[in-house]
Amino acid sequence: MPNTTASALAPVLAGHAFQQTALIAMIPLLAQQLGTTQSAIGAAVALGMIAAAPFLPFLGAMPARGLLPLALGTLLATNLALLALFLRGDAVPLAWVVVAVLAGLRFLQGLAAGAVLVLAQTAGAGASEPRRALGRVQALGGIGRALSAVLVGPLALLSPAVPLLPATFGVILGLARSRRLPVPRLPRAVAPPPLVTFRVTILAQGAVGAAQVGLAPLLAARLAQTADGAVVLAGLCLAAANLGLLLAARLIAPRAGRGHARLAALLLCLCAGGIGLAESAAAFAALSLLLGGAAALMTVLNLADILTRPGIADRQVAAWNGTVQIAALALGVGGGALLLPLDPAAPFALVAGCGLLLALLPPRSRRNDHDPDPTHA
């Protein structure tokens, strides 16, 4: 499938990643703005994503030509609703109403963004070099997250609603570019591959979610920062993590093997422990870069394998991977949010555990994405 599909959807994917990073980085500030707790904001994001996850394979079975405008229209509507919520959050008298509305909007966003990602990944899997093409798709989200990490602090100082604007503009641009777009043909079979197929997705995304939700609160506690200051520092650390993602997805993944994946898993575990003990902004940033690169490397290798593996490539692999990815990320965010009251560093114990399991169960890897894999682990 030509790369025009991923190119046309690039503003949408990058814009949604920008918003996702901004929401997580702004947790302390949003808790103040909306009159609720940090754990409640994290739980609302997690619950919305979890509720959306089971529906993605059924959306993937829809005609792709009708699925794309439906997904883009839903993203535009929910982005505008989030803008309204954050601009008038202090006017809502009950905190549980805010949490319910936020969870509902995130549910719809999870459905729509997941559908767009499935289309982009399916197009990448059909390229002549799937690993390289999927690395580009993965990098689109990394670009959005990196820009958000750098800009979220200054933009949030203007208003918590301002960091949501790039996602809205990205969807508008995507809608304009998606007309007459060649859309990849999606498999109609809804039955999932075996759950073990997605072991790397579950562990890697769970680790990412826990790290993201725990970063700003840990910075606030460890470096004695105000809510605004923690958002700025968390943004810088997330920028470093996404720089690691970009480097790993574009430069390392096309040449990596199974041994590199195992080393990346061990690095993820060590970085989680290091962040839990870090005492300076420079240490947080350096460890975030390594953590982001390790997670991205395993994710790209795993996607290239499961989207082209004989015997399962004719199923809704991309859609089910999206379901598992959203659920695992949400569980990581939710688990990290639940651990926050115990200790600001507690979410990173969850990250370390995921890294250890990934070292025991690394992704498969092949030099050529279309060659049979001699291993079956």
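These legends walk through several close-up views of one predicted model.

The model is predicted, so local features are given where pLDDT is at least 70 and side-chain atom pairs where pLDDT is 80 or more, while totals for chains, interfaces and linings use all residues. Residues are numbered from 1 along each chain as its sequence is written, and side-chain values use heavy atoms, with hydrogens and water left out.

**View 1. The whole chain is built from helices, with 14 of them and zero strands.** Helices (H or I, at least four residues) and strands (E, at least two) are DSSP runs, numbered from the N terminus. Read from that end, the elements run α-α-α-α-α-α-α-α-α-α-α-α-α-α. Of the 377 residues, 60% count as buried. Here buried means under 20% relative accessible area, exposed means over 50%, and partly exposed lies in between (1.4 Å probe, protein chains only).

**View 2. Helix α2, residues 27–34, is mostly covered.** How many of the eight residues of α2 are buried? Six are, namely Ile 27, Pro 28, Leu 29, Leu 30, Ala 31 and Leu 34. Take a look just past the end of α2 as well, where Gly 35 has a positive phi of about 70°.

**View 3. Helix α9 (residues 199–222) packs against helix α10 (residues 227–252).** Their axes lie 8 Å apart, at an angle of about 130°. That angle makes α9 oblique to α10. Axes are lines fitted to C-alpha atoms, for helices over the stretch in contact, and angles run from 0 to 180 degrees between N-to-C directions. Angles under 35 degrees count as roughly parallel, over 145 as roughly antiparallel, 65 to 115 as roughly perpendicular and the rest as oblique. The crossing of α9 past α10 is right-handed. A crossing is left-handed if the near helix is turned anticlockwise from the far one by less than a right angle, and right-handed if clockwise.

**View 4. Helix α9 also meets helix α14, residues 347–360.** The axes of α9 and α14 come within 8 Å and cross at roughly 155°. This makes α9 roughly antiparallel to α14, and the crossing is left-handed. You can follow the pairing through Gly 209 and Leu 350, which are 141 residues apart in sequence but 9.8 Å apart in space, C-alpha to C-alpha.

**View 5. Gly 209 of helix α9 comes together with Ala 330 of helix α13, residues 317–339.** Their C-alpha atoms are separated by 6.6 Å, although the two residues are 121 apart along the chain. Gly 209 counts as buried because its relative accessibility is 0%. Ala 330 is buried too, with a relative accessible area of 0%.

**View 6. Pro 217 is another residue to find in helix α9.** Is Pro 217 buried or exposed? At 10% relative accessibility, Pro 217 counts as buried. The C-alpha atoms of Pro 217 and Ala 25 are 9.3 Å apart, with their positions 192 residues apart along the chain.

**View 7. Ile 143, Leu 147, Val 150 and Leu 151 make a nonpolar surface patch of about 330 Å².** Patches are made of residues with over 30% relative accessible area and no salt bridge (a side-chain nitrogen of Lys or Arg within 4 Å of a carboxyl oxygen of Asp or Glu). Like charges are joined within 9 Å, and nonpolar side chains (Val, Leu, Ile, Met, Phe, Trp, Tyr) within 5 Å. Accessible areas come from the Shrake-Rupley method with a 1.4 Å probe, and for residues only the protein chains shown count as cover. Leu 151 sits in helix α7, residues 130–158, and is partly exposed, with a relative accessible area of 38%.
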